[in-house]
Amino acid sequence: MRKVDTRKKIGILTSGGDAPGMNAVIRAVVRTAMYHNIQVFGILRGYEGLISADFHEMTSKDVSDIIHRGGTILRTARSEEMMTEEGEKKAAQVCNVLQLDALVVIGGDGSLTGASKLARHGVNVIGIPATIDLDLDCSEYTIGFDTAVNTGMEAINKIRDTSSSHERCSVVEVMGRGCGQIALWCGVTGGAEEIMIPEYKDINLDAVIRQIMENRGKGKNHNLVLVAEGIGDSYNISVEIEKITGIETRSIILGHLQRGGIPTAVDRMHASMMGYKAVELFVGSAKNRVVVMKGGKYTDLDIFEALEEKKPYNHELYDIIKILSI
Ligand code: F6P
């Protein structure tokens with residue numbers, strides 16, 4: 001007679017933009033689940049793979065040698081279908097057919113919103129915040145941010161060398177969609193003089209140009225302007241700067257460079273802890289939670305409440321960049 005598998009089952013997927021550290025989360029979830037004798041199904045390409053039931057069973061061995069790798073071994077996608085009622089239903093149905101006791105969703109805002117929709121269809125979900133953007137109001141940290149900032153900072157170090165040799169103005173565009181956090185952190189750690197972020201849309205190019213000229217007047221031989229993706233066209237910004245100031249100006253878009261690479265120790269630590277906590281929540285019979293960081297500590301929130309949270313914008317970093325660049 002065939003032995004019936006009575007183990008609890010969880011699914012795991014990564015969704016949306018990949019973030020360095022996602023593999024370390026997958027590893028932590030799978031290994032903690034193995035420790036508790038829970039069966040794990042790895043779902044490929046986020047919600048796309050869930051809707052088309054593209055999955056495989058995972059064991060400890062499947063997550064060997066991935067803690068240091070960027071990207072995600074489960075691959076990822078931005079699923080258009082999951083944004084429809086039909087797609088949500090299909091995804092929930094697959095969870096039922098697989099008899100999943102929980103689905104662990106690793107991703108940013110859109111991915112966790114997808115998870116909350118599945119929760120409304122009766123799927124037990126556990127979210128883990130992972131996006132380089134650090135744009136989730138419910139958590140002080142999102143996995144991938146530290147690596148992205150370090151990549152940005154290292155690029156700025158290099159651009160600074162050539163910018164200063166040629167006495168140019170350099171316009172560096174970093175990622176972050178509608179959020180200026182990557183730009184702010186790269187600005188402080190890379191020593192940018194001028195920063196343009198979506199949270200301060202009213203800072204116009206005229207003000208930036210005035211500052212560039214003022215800094216030249218003070219004896220600075222080159223300039224570094226950091227532009228967040230959400231501001232718009234950094235190439236045109238550089239053309240305008242050169243036209244008005246007469247200073248030779250170059251622009252660079254760091255783009256997807258910031259999404260890849262070896263995750264930093266900070267990202268591996270948060271990824272390992274959050275992955276572990278997610279499975280422990282499941283073992284403790286929690287329903288529809290998100291693992292978050294609050295007050296520097298790991299905790300968890302109801303997924304619906306978490307997605308409703310709005311944190312006020314903190315002006316401090318922006319003001320400090322201005323002071324440190326005088
Ligand atoms: O959300 C992460 C992010 O890298 C954003 O900073 C950026 O706006 C977006 O993803 C780019 O998405 P895609 O890789 O789909 O072009």
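Contact is taken here to mean heavy atoms within 4.5 Å, and the structure discussed is a predicted model. With that criterion, the buried residues of α8 pack against β6, β7, α7, β8 and β9 (249–253). Helix α8 therefore serves as the starting point of this account, since its packing partners include α7 and several strands.

Helix α8 has twelve residues, and its first and last C-alpha atoms are 16 Å apart, close to the 16 Å expected at 1.5 Å a residue. Its buried residues are S234, I237, S238, I241 and T245. Because these residues cover an arc of only 95 degrees around the axis, they are placed on the same side of α8. The face turned away from that buried side carries Y235 and K243, which are exposed. The general geometry of helices is consistent with such a pattern: an α-helix has 3.6 residues a turn, so residues three or four places apart point the same way.

Both ends of α8 have a distinct local feature. At the N-terminal end, D233 acts as a cap, with a side-chain oxygen 3.0 Å from the backbone nitrogen of Y235. After the helix comes G246, whose phi is positive, near 80 degrees.

Within α8, S238 merits a closer view. With a relative accessible area of 4%, S238 falls under the 20% limit and so counts as buried. The side chain of S238 reaches the backbone oxygen of Y235 at 2.7 Å. Leaving aside neighbours within four places in sequence, S238 is in contact with V171, T249, R250 and S251.

The account now turns to α7, one of the elements against which α8 packs. Helix α7 comprises 13 residues, 205–217, which should span 18 Å at 1.5 Å a residue; the end C-alpha atoms are 18 Å apart, so expectation and model agree. In α7 the buried residues are L205, V208, I209, I212 and N215. They lie on the same side of α7, because the arc that they cover around the axis is only 125 degrees. On the face turned away from this buried side, R210 and G217 are exposed. The buried residues of α7 pack against β6 (169–174), β7 (194–196), β8 (223–228) and α8 (234–245). Just after the helix, G219 takes a positive phi of about 105 degrees.

Helix α3 can be read in the same manner. Its 13 residues, 85–97, should span 18 Å at 1.5 Å a residue, which agrees with the 18 Å between its end C-alpha atoms. The buried residues of α3 are G87, E88, A91, A92, V94 and C95. Seen down the axis, these buried residues fall within an arc of 155 degrees, so they line one face of α3. On the other side of α3, the exposed residues are E86, Q93, N96 and V97. The cover over the buried residues of α3 includes α2 (46–51), β4 (102–107) and α4 (109–120). Just after α3, Q99 has a positive phi of about 55 degrees.

The surroundings of the ligand form the next topic. The residues around the ligand are R78, T131, I132, D133, M175, G176, R177, E229, H256 and R259. Three of the polar approaches may be described individually. A polar backbone atom of G176 is 3.1 Å from an oxygen atom of the ligand. A polar side-chain atom of E229 lies 2.8 Å from a ligand oxygen atom. For H256, an N or O atom in the side chain is 2.8 Å from an oxygen atom of the ligand. Of the 400 Å² of accessible area that the ligand has on its own, the protein covers 77%.

Two further residues illustrate opposite ends of the accessibility scale. T142 is found in the loop between β5 (125–129) and α5 (145–166). T142 counts as buried because its relative accessibility is 0%. Not counting residues up to four places away in sequence, T142 touches P129, T131, L134, L136 and D267; of these, T131 is also one of the residues around the ligand. K3, by contrast, is found in the segment before β1 (9–14). At 79% relative accessibility, K3 lies over the 50% limit and therefore counts as exposed. The C-alpha atoms of K3 and T72, which are 69 residues apart along the chain, are separated by 33 Å.

Note on methods:
Residues are numbered from 1 along each chain as its sequence is written. This is a predicted model: local features need pLDDT of at least 70, side-chain atom pairs count only at pLDDT 80 or more; totals for chains, interfaces and linings use all residues. Side-chain values use heavy atoms; hydrogens and water are left out. Helices (H or I, at least four residues) and strands (E, at least two) are DSSP runs, numbered from the N terminus. The expected span of a helix is 1.5 Å times one less than its number of residues. Buried means under 20% relative accessible area, exposed over 50%, partly exposed in between (1.4 Å probe, protein chains only). The arc is that of the directions from the helix axis to the C-beta atoms. A residue is near a molecule or strand if one of its heavy atoms lies within 4 Å of it. A polar contact is a pair of N or O atoms within 3.5 Å; within protein, one must be able to donate a hydrogen and the other to accept it, and residues adjacent in sequence count only if both atoms are side-chain atoms. Accessible areas come from the Shrake-Rupley method with a 1.4 Å probe; for residues, only the protein chains shown count as cover.
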